[in-house]
Every structure is written in C-alpha cells, then in structure tokens.
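Okay, thanks everyone, I'll keep this short. Let me put the structure up and then walk you through a few spots in it.

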Amino acid sequence: AREKNEKEDSDLTRAELEKLLAKEQAAYSAASDAWKEAAERYHEVEMLLEGSKTANQVRWLRGRALVRAGEVFNGIDELQATLDEALGDQLSDGTRGKTSMLVQATREELAAANYYGARLLREEGRSADIWRQVSDSSRQQFRYLAEGASEQSQTEAANSLQRNLERVLDLEQQDRSEL
C-alpha cells in the first residue's frame, strides 16, 4: 500500500495509510514477541541438553530466533559461540576437511545477522569504525561461503551468496541518505 501510494495517485488517504502502517507495526511486534518466546524455550532445551552435540544445534536455533526477535547483537554472540564450538568439534572429530551442516548454517546466519547489525548501526548514525567491524564480519563470511559453494560446483548457492556479498559491499559504499 505504501509503495502504491508513492508510485501512483492512490485512493488511500493519509489516515488509511497510517492505519495500515499501524497494522504493520503490530504484526512486527507480535512476530518479535513470538521469536523472543521461541528463544527462551530454546534456551531451556539447551540447558537440558548441556554437554551434548545436540545442545549446540539448539544454540544455533536460539541465536537465529534472537536475531529475528530484533536482538541482533545477542543473536550474533550466540551464533559466534555456536560456530566456535562446532569448529572445535570438527577438529576433535578429525573431520576438519568436511564442513558440517551446522557450521554451514551457522556461517550463513552469522553473515546475515552481521549484515543487519551493520545496517542498524549505520542507520543509528554510529561511526564507521564501529559499523565497519560488523560489516567486515558479514563480508568475510559471505565471501568464504560463496567461494566454498563455487568450489563444490553449487552454482545456485554460490550465486545467491555472491549477491549477498554484493549487498554488504553496497551497504559499505552507500551514503547514509541512501540507506
């Protein structure tokens, strides 16, 4: 409705548009609350499974839920801890050359979360020193993933990851008014 109102002469009045925007905000708020609830439940399950390999998979779910709940930087911390533990497990298992599904999924979530974090920091007007560190993490993860997918001849995945990498580069190069 917002896009239609901006692009063409629409029958929407200002009051109708504001009503639709209020509904949109209510939906976002409800979704955020649901993701926060999911994150709390995942934390409870993680505590029950503490010490098992499954606990780290649940931690990944929790980190993912935190990001979607709007707690981007808490989610990033959880995802980074998940990645560190999963990589440590690969070293101890002797499967260093093979990337586990958990490592792959965590890297993807971490890359996206860092992108959103960098974008939020830019929109808040934080200094480049701060948001660039977050953006760099996103760019490095997307690049690593794209190169890995390309080496494994996963063309569609490599293309998608490459586009995400380009979005990070665009974010870094855009003027703040273009965000």
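So, Ala-105 sits in helix α5, and do keep in mind that what you're looking at is a predicted model. Is Ala-105 buried, exposed or partly exposed? It's partly exposed, because its relative accessible area is 21% and the buried class stops under 20%. If you also pick out Ala-34, that residue is 71 residues from Ala-105 along the chain, and their C-alpha atoms are 22 Å apart.

Now the helix itself. α5 runs from 101 to 124 and has 24 residues. From its first C-alpha to its last, α5 reaches 34 Å, close to the 34 Å you'd expect at 1.5 Å a residue. And what follows α5? That's Gly-125, with a positive phi, near 85 degrees.

Staying in α5, have a look at Glu-109. A charged residue, and where does it stand, buried or exposed? Glu-109 counts as buried, because its relative accessibility is 15%, and the cut-off is under 20%. As for its company, Glu-109 touches Trp-60, Arg-64, Arg-68 and Leu-79, leaving aside residues up to four places away in sequence. With one of those, Arg-64, there's a side-chain to side-chain polar contact of 3.3 Å.

A quick general reminder for reading helices: there are 3.6 residues a turn in an α-helix, so residues three or four places apart point the same way.

Okay, on to the second largest pocket. How much space lies in there? About 200 Å³. The lining is made up of 11 residues, and the ones nearest the centre are Lys-53, Gln-57, Asp-89, Ser-100 and Leu-102. Our helix α5 helps to line that pocket, along with α3 (53-68) and α4 (72-93), each of them giving at least two residues. Which helix supplies the largest share? That's α4, with four residues. By chemistry, the lining of this pocket splits into five polar residues, three charged and three nonpolar.

One last stop, away from the pocket topic: Ser-153. You'll find Ser-153 in the loop between α6 (128-151) and α7 (155-173). Its phi is positive, about 55 degrees, although Ser-153 isn't a glycine. And Ser-153 counts as exposed, because its relative accessibility is 61%, with the exposed class being over 50%.

That's my tour, happy to go back to any of these.

Terms used: Residues numbered from 1 in each chain as written. Predicted model: local features only at pLDDT ≥ 70, side-chain atom pairs only at ≥ 80, totals over all residues. Heavy atoms only, no water. 1 Å grid on protein atoms, 1.4 Å probe; cavity = no way out; pocket = protein on both sides within 12 Å on 5 of 7 lines; lining within 4 Å. Points joined across faces, edges and corners; volume = space filled by probe spheres on them. Nonpolar A, V, L, I, M, F, W, Y, C, P; charged D, E, K, R; others polar. Expected span 1.5 Å × (residues − 1). Buried < 20%, exposed > 50% of the residue type's maximum accessible area, 1.4 Å probe, protein only. Polar contact = N/O pair within 3.5 Å; in protein donor to acceptor, adjacent residues only side chain to side chain. Contact = heavy atoms within 4.5 Å.
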